[in-house]
Amino acid sequence: KTSRDRLETCHPVLQTLMHRAMAACPAGLDWMIVCGHRGKAEQDAAFDSGASKLRYPKSKHNQTPSMAVDLAPWVRGSISWFAPDFKPIAAHIKATWETLTEAERGGHTLSWGGDWTSFVDRPHWELR
């Protein structure tokens with residue numbers, strides 16, 4: 001329920017992607033939506049902690065609806081921040097993205113923060 005509530009703050013394309021990825025999730029693969037939309041206080045806290053390189057309102061999380069979603073692997077009953085735990089989830093979400101029609105994508109492309117080189121942000125997925 002918490003993940004669904006957070007996902008509801010996101011752009012409909014992200015909602016479609018994540019719902020479809022969750023519905024077709026292979027056995028043993030699970031994740032939690034950590035963040036969808038962020039208001040000013042949340043974004044400033046993320047910046048101050050180093051979790052974000054952007055101040056409010058420059059993050060895609062600050063748009064309404066959010067153009068970004070953060071998720072983390074759910075391993076043995078809790079969130080894992082262990083980098084290798086993100087890879088199978090990323091592969092699954094990217095494969096699910098490829099199943100979306102152009103109409104479902106709404107003209108957007110998908111970017112995963114785990115593929116970035118200047119600031120690797122494995123939980124982060126965004127529409128461009």
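This is a walk through the structure above, from its overall layout down to single residues. Keep in mind that you're looking at a predicted model.

Let's begin with the big picture. The protein has five helices and five strands. If you follow the chain along its sequence, they come in the order α-α-β-α-β-β-α-α-β-β. How compact is the protein for a chain of 128 residues? Its radius of gyration is 14 Å, close to the 14 Å from the globule rule, so the protein is as compact as a globular protein of that length. You can also picture a box around the C-alpha trace: along the principal axes, the trace spans about 35 × 35 × 30 Å.

Now think about inside and outside. Of the 128 residues, 41% count as buried. The protein exposes about 7,000 Å², and carbon and sulfur atoms supply 55% of that area. As for charge, there are 16 positive and 14 negative ones, and the mean positions of the two groups are 3 Å apart. What about contacts across the sequence? Take the contacts between residues at least 6 apart in sequence: 59% of these join residues at least 24 apart.

Next stop: the inside. The largest nonpolar core has 23 residues, and M18, V69, L71, I93 and W125 are the ones that touch the most other members. Which elements each supply at least two residues of this core? They are the helices α2 (12–23) and α4 (83–99), together with the strands β1 (31–35), β2 (68–75) and β5 (124–127).

W125 is a nice residue to click on. Leaving out residues up to four places away in sequence, W125 touches M18, M67, A68, V69, D70, L71, A90, I93, K94, L110, S111 and W112. Look through that list and you'll spot M18, V69, L71 and I93, which are named with W125 among the core members touching the most others.

Another tryptophan worth finding is W31, which is in strand β1. Is W31 buried or exposed? Its relative accessible area is 6%, and buried means under 20%, so W31 counts as buried. Apart from neighbours within four places in sequence, W31 is in contact with A21, M22, C25, L71, A72, P73, W74, I89 and H92. The C-alpha atoms of W31 and D85 are 9.8 Å apart, although 54 residues separate the two along the chain.

Helix α2 also holds H19. With 38% relative accessibility, H19 counts as partly exposed. Beyond residues up to four places away, H19 touches R4 and L7. L7 is 12 residues from H19 along the chain, and their C-alpha atoms are 9.0 Å apart.

Let's move to the loop between α3 (40–49) and β2, where K53 has its place. K53 counts as exposed, at 56% relative accessibility. Not counting residues up to four places away in sequence, K53 touches F47 and F119. The C-alpha atoms of K53 and Q43, 10 residues apart along the chain, are separated by 9.8 Å.

R55 is found in the loop between α3 and β2 too. At 46% relative accessibility, R55 counts as partly exposed. Setting aside residues up to four places away, R55 touches Q43, F47, D48 and N62. There's also D44, 11 residues from R55 along the chain, and the C-alpha atoms of R55 and D44 are 6.0 Å apart.

To finish, here are some backbone oddities. Most peptide bonds are trans, and most residues other than glycine have a negative phi. Where are the exceptions described here? One is a cis peptide bond between Y56 and P57, with omega at about 5°. Another cis peptide bond joins T64 and P65, and there omega is about 0°. P57 has its place in the loop between α3 and β2, and P65 is found in that loop as well.

R76 departs from the phi pattern: its phi is positive, about 50°, although R76 is not a glycine. You'll find R76 in the loop between β2 and β3 (78–79). R76 counts as exposed, at 80% relative accessibility.

Key:
Residues are numbered from 1 along each chain as its sequence is written. This is a predicted model: local features need pLDDT of at least 70, side-chain atom pairs count only at pLDDT 80 or more; totals for chains, interfaces and linings use all residues. Side-chain values use heavy atoms; hydrogens and water are left out. A nonpolar core is a set of buried Ala, Val, Leu, Ile, Met, Phe, Trp, Tyr and Cys residues joined through side-chain atoms within 4.5 Å. Buried means under 20% relative accessible area, exposed over 50%, partly exposed in between (1.4 Å probe, protein chains only). Helices (H or I, at least four residues) and strands (E, at least two) are DSSP runs, numbered from the N terminus. Contact means heavy atoms within 4.5 Å. The radius of gyration is taken over C-alpha atoms; the globule rule is 2.2 Å times the number of residues to the power 0.38. Accessible areas come from the Shrake-Rupley method with a 1.4 Å probe; for residues, only the protein chains shown count as cover. Lys and Arg count as positive and Asp and Glu as negative; His and the chain ends are not counted. The place of a charge is taken as NZ of Lys, CZ of Arg, CG of Asp or CD of Glu.
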